[in-house]
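Student: Please take a close look at the empty space in this model, and put it in the context of the fold. I want volumes, linings and the elements that supply them.

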Amino acid sequence: MGCRTLCFGLSCILFAYYISAPIPENVEEIWKVRALDALIKITSFTGKWFRCQLSFQSFSCAVCVPSPCFFDSANHCSLQATLFENIGLMKYEEVFSTLVKLDITKPVSDQNITVTDTTFSGIPVRLYLPKRKSERQRRAVIYLHGGAFVIGSCKNSPYDLLNRETANKLDAVVVGVDFRQPPQYYFPAAIEDILSAVKFFLQDKILERYRVDPTRICITGDSSGGTLAAAVTQLLKNDPVFKNKIKAQALIYPFLQILDSFTPSHQEYKHGPLLTRDIAIKMVCLYLTRDEALPQATNKNQHMPQESRHLFKLVNWSTFLPDKYKKNYIYTEPILGRLDVSYPALLDSRLSPLLVNDSQLQKLPLTYIITCQHDILRDDGLIYVTRLQNVGVNVVHDHIEDGIHGALSLISPRFYLLLGIRIKDKYINWLEENL
Ligand SMILES: *[C@@H]1O[C@H](CO)[C@@H](O)[C@H](O)[C@H]1NC(C)=O
Ligand SMILES: *[C@@H]1O[C@H](CO)[C@@H](O)[C@H](O)[C@H]1NC(C)=O
Ligand SMILES: *[C@@H]1O[C@H](CO)[C@@H](O)[C@H](O)[C@H]1NC(C)=O
């Protein structure tokens, strides 16, 4: 009882503290965003907190550290990071993971769409099949969900809503794919799962079974799902059996490279809103390893090995970012070779799709990219747009000036974030007109 009161009291203090974090002024429904931002930060905090089982040490740590910088808003997140490090437990992804698991929906069919959970070559998928009788073969969309590679499922309510509506509006077959995640399975388990599910679906006999038009198939995803969609599209376009079966890719605020964690957007939006640089780095590193040395080095942008020097030209924001996004940020050459352990994944285009060279890039299909202004991942998307355009790929780019990362995950009735609804509508309209 005493503990609960203590927790509640502490949460109130934290909420009051985080709610004062700066949020860009042009953001729509700013108080809703503010509250969500504060809740996410508290979740991160309490994740830590519960793991400590309210030990006295963590309590004193939590209470004493915030007070000196209570009014210094720029310190919000570095403070949070300090707290995490001081308490010495980094399990907040488990708290998010638990919350997200509570949000799993059942496969519920409605008057227009039959929804079923099944497997494609052993990989769990959720299938949305229109009920309407149709003379023509249907379009198909393969959706890969976000969640920083570590959390989430295509069965979470925002994705279920999105995929259902896509199937309904486009009269299309939609496939949501789930894939293995850390801490049980690390990179490249996720991409291997997706590739086998997608290749299963793309077989002629399976496409025929679902009456899918093999010339009108799109691979799409948001955030880390955008990474996976971009990577899978690249892999299929290099595969003689499948290269003609992908008409388009749609990437919603995708993560596209781990090489440079000091892009202008990384610096400008490191405290969020919603996605902080600290959390993003920790989660992405967790996709590769539990070793804390990797996120620590990545935070300082000193995580890449010596032999990666030649790859930096592929992600150089100084070359590829339009001037208006560079502001006064100065490009600095990376410091290499500081990590003792080397992770081959850091050089792998399945984690950083920006790492493919121009001749590979040229093979890519029609591409739709949504970037958000107030998003640490903004520059990844912008660099991909430039590189694709440079080699003549047909790219449609929507930049959302008041956009924030993760908005699409907040479209269910519980949050109903208008920005998320706008992104959903843009995405579905683009597919309707281009697929
Ligand atoms: C089914 O489709 C009709 C016609 O497009 C639409 O008016 C109706 O809202 C749809 N029902 C659901 C549950 O989405
Ligand atoms: C990045 O681009 C800038 C300017 O275009 C150039 O000066 C710098 O050498 C490049 N660095 C790398 C690693 O490609
Ligand atoms: C581009 O990358 C592919 C695959 O890694 C390689 O086979 C090819 O030689 C490279 N092309 C150029 C021009 O570097």
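Tutor: The largest pocket holds about 1200 Å³ of space. This is a predicted model, and the volume is computed from its atoms. Of the 44 residues in the lining, Ile40, Phe96, Val100, Ile151 and Ser409 lie closest to the centre of the pocket.

Which helices supply at least two residues each to this lining? They are helix H1 (2-18), helix H2 (30-51), helix H5 (92-102), helix H6 (157-170) and H11. H2 gives the most, with 8 residues. By residue class, the lining of the largest pocket divides into 27 nonpolar, 14 polar and 3 charged. Two domains take part. Domain 1 (2-90) and domain 2 (104-435) each give at least three residues to the lining of the largest pocket.

Next comes the second largest pocket. Its space is about 350 Å³. It is lined by 19 residues, and those closest to its centre are Ser97, Lys101, Val150, Gly152 and Gln181. Here H5 gives the most, with 5 residues. H5 also supplies at least two residues to the lining of the largest pocket. The residues around the second largest pocket split into 8 nonpolar, 5 polar and 6 charged.

Now the closed space. Rolling a probe the size of a water molecule over the atoms shows where empty space is left. How many cavities of 30 Å³ or more does the count give? The count is 1. About 90 Å³ of space lies in the largest cavity. Its lining is made up of Phe255, Gln257, Ile258, Asp260, Ser261, His266, Ala280, Ile281, Val284, Cys285, Thr298 and Leu377. Helix H11 (residues 277-286) provides the largest share, 4 residues. H11 is also one of the helices that supply at least two residues to the lining of the largest pocket. The cavity lining sorts into 7 nonpolar, 4 polar and 1 charged.

The loop before H11 deserves a check of its backbone. Pro273 sits in the loop between helix H10 (264-268) and H11. The peptide bond from Gly272 to Pro273 is cis, and its omega is near 10°. A cis peptide bond also joins Phe187 and Pro188, with omega about 5°. Pro188 belongs to the loop between strand S4 (173-177) and helix H7 (189-201). One further residue is worth a look. Ser121 is not a glycine, yet its phi is positive, at about 45°. Ser121 falls in the loop between S1 and strand S2 (123-130).

Those loops lead to the sheet. It is an open sheet of 8 strands, with mixed pairing and the order S1-S2-S4-S3-S5-S6-S7-S8. Which strands form its edges? Strand S1 (113-120) and strand S8 (395-404) do, each pairing on one side only. From one strand to the next, the twist averages 20°. Within the sheet, strand S5 (residues 212-222) and strand S6 (residues 248-252) pair in the parallel sense over 5 bridges. Thr220 stands opposite Ala250 in S6.

Two helices lie across strands of this sheet. Helix H16 (residues 378-390) lies across S6, strand S7 (366-374) and S8, and runs at about 145° to S7. Helix H17 (residues 418-434) lies across strand S3 (138-144), S5, S6, S7 and S8. The angle between H17 and S8 is about 170°.

To recap the volumes: about 1200 Å³ for the largest pocket, about 350 Å³ for the second largest pocket, and about 90 Å³ for the largest cavity.

Note on methods: Residues numbered from 1 in each chain as written. Chains lettered and ligands numbered in written order. Predicted model: local features only at pLDDT ≥ 70, side-chain atom pairs only at ≥ 80, totals over all residues. Heavy atoms only, no water. Pairing = 2+ DSSP bridges. Axes fitted to C-alpha atoms, helices over the stretch in contact; angles between N-to-C directions. Contact = heavy atoms within 4.5 Å. 1 Å grid on protein atoms, 1.4 Å probe; cavity = no way out; pocket = protein on both sides within 12 Å on 5 of 7 lines; lining within 4 Å. Points joined across faces, edges and corners; volume = space filled by probe spheres on them. Nonpolar A, V, L, I, M, F, W, Y, C, P; charged D, E, K, R; others polar. Domains from an automatic or database assignment.
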